Amino acid sequence: MIENYFETIAKDKIYPIIRSKNPDRALEIANALIKGGIKILEINVEVPEIYEVINEISKSATVCAGGIITSTQADYAIRNGAKMFASPIFQMNLVKISKNLRIPYIAGTTTANEAYLAWKSRVQLIKLFPAEAMGGIQYIENILRQMPFLSLMPTGDISLEQVTSYLAVGAVAVGVGRGFYSNMSTSEITEKTENIINEIKDSSKWNKKLI
């Protein structure tokens, strides 16, 4: 099952990340994304009330609980319907939880060394954050030139317009946060979602698969 979730992300190439302290807005964004065709999305646990949003959205899509840094957070997210969890950092206690419970874990890394250590620990999908601040597309390309075996998913201030450029240099998938929903109505979110999904599907270039 772990492999299936990661394979879906690698196939769909686009990975929405919702960050909001307003549970009503988080719920609204998530439903608009799902309506546009999203199957897996990350909802960051900004405040405790977000667990209720995870519980609700998990009834219609696969939810990855984001911003998880403790075993208690991971456990509570899973009990509220999350099928995956992601952390802004890489730590072995979360790797152990993932393996023990057979729950997918997306590790957060910043440097090439951190990404390599996560790979050595058998983390299958590695989030590189903050991608834009670290050098953007060129940074991802430089890392993958030396270590093409890494399954990297860049995130952090990436716009929808940049997604295909990141894919072109070898990213397995691309995480997009505010670019999906900031200052947008639900209909606009759905429309943008449909557009980016179609843009990715129309190209045969994005052949990087999960390793």
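Here a student and a tutor talk through a predicted model and how its features get their labels.

Student: Let's start with S20. Where is S20, and why is it called buried?

Tutor: S20 sits in the loop between β1 and α2. Its relative accessible area is 14%, and buried means under 20%, so S20 earns the label.

Student: What does S20 touch?

Tutor: Leaving out residues up to four places away in sequence, S20 touches R25, A26, E46 and I50. For contact, heavy atoms have to be within 4.5 Å.

Student: And how far is S20 from K59?

Tutor: Their C-alpha atoms are separated by 20 Å, and the two residues are 39 apart along the chain.

Student: Now the strand before that loop. What makes β1 largely enclosed?

Tutor: Strand β1 covers residues 14-18, and five of its five residues are buried, so the rest of the structure largely encloses it. I14, P16 and I18 point one way, while Y15 and I17 point the other way, and all are buried.

Student: How do you know that β1 pairs with β8?

Tutor: Count the bridges. Pairing needs at least two, and β1 has three with β8 (residues 174-176), in the parallel sense. One place to look is P16, whose bridge partner in β8 is V176.

Student: What about β1 and β2: how many bridges are there?

Tutor: Two, again in the parallel sense, with β2 being residues 40-44. The cut-off is at least two, so two bridges are enough for the pair to count. In β2, I18 has I43 as its bridge partner, and I17 stands opposite E42.

Student: Why is β2 called largely enclosed?

Tutor: Five of the five residues of β2 are buried, so the rest of the structure largely encloses this strand too. Both faces are covered: I40, E42 and N44 lie on one side, L41 and I43 on the other, and all are buried.

Student: Some of those names must come up in a core. Which residues touch the most other members of the largest nonpolar core?

Tutor: I14, L41, I43, I54, L152 and V163, out of 61 residues in that core. Helix α2 (residues 23-35) gives the most to it, with six residues. There is also a second, separate core of 15 residues, including F6, A10, M153 and A173. In soluble globular proteins, nonpolar side chains tend to be buried together.

Student: Which residues does I54 touch?

Tutor: I43, V45, V63, A65, A77, N80, G81 and A82, with residues up to four places away in sequence not counted.

Student: Let's go to the surface. Why is W119 called partly exposed?

Tutor: W119 has a relative accessible area of 31%. Buried is under 20% and exposed is over 50%, so a value in between is partly exposed. You'll find W119 in helix α6 (residues 112-120), and together with Y116 and L117 it makes a nonpolar surface patch of about 250 Å².

Student: What about charges? How many salt bridges does a search of the whole structure find?

Tutor: Seven. Side chains of opposite charge can pair when their charged atoms come close.

Student: What makes R79 and D75 a salt bridge?

Tutor: Their closest N and O atoms are 2.9 Å apart, and the limit is within 4 Å, so the pair qualifies. The two are four residues apart in helix α4 (residues 71-79), which puts about one helical turn between them. R79 counts as exposed at 55%, while D75, at 37%, is partly exposed.

Student: How do you know that E141 and R145 qualify?

Tutor: The N to O distance is 3.8 Å. That is within 4 Å, so this is a salt bridge as well. Both lie in helix α8 (residues 136-146), four residues apart, about one turn of the helix. E141 is partly exposed at 30%, and R145 is exposed at 52%.

Student: And what does the salt bridge between D157 and R178 tie together?

Tutor: Their side chains meet at 2.2 Å, N to O. D157 lies in the loop between β7 and α9, and R178 in helix α10 (residues 178-181), so the pair ties together parts 21 residues apart in sequence. D157 is exposed, and so is R178.

Notes
Residues numbered from 1 in each chain as written. Predicted model: local features only at pLDDT ≥ 70, side-chain atom pairs only at ≥ 80, totals over all residues. Heavy atoms only, no water. Core = buried A, V, L, I, M, F, W, Y, C linked by side-chain atoms within 4.5 Å. Buried < 20%, exposed > 50% of the residue type's maximum accessible area, 1.4 Å probe, protein only. Patch = residues over 30% accessible without salt bridge, like charges linked within 9 Å, V, L, I, M, F, W, Y side chains within 5 Å. Areas by Shrake-Rupley, 256 points an atom, 1.4 Å probe, with all protein chains shown as cover.
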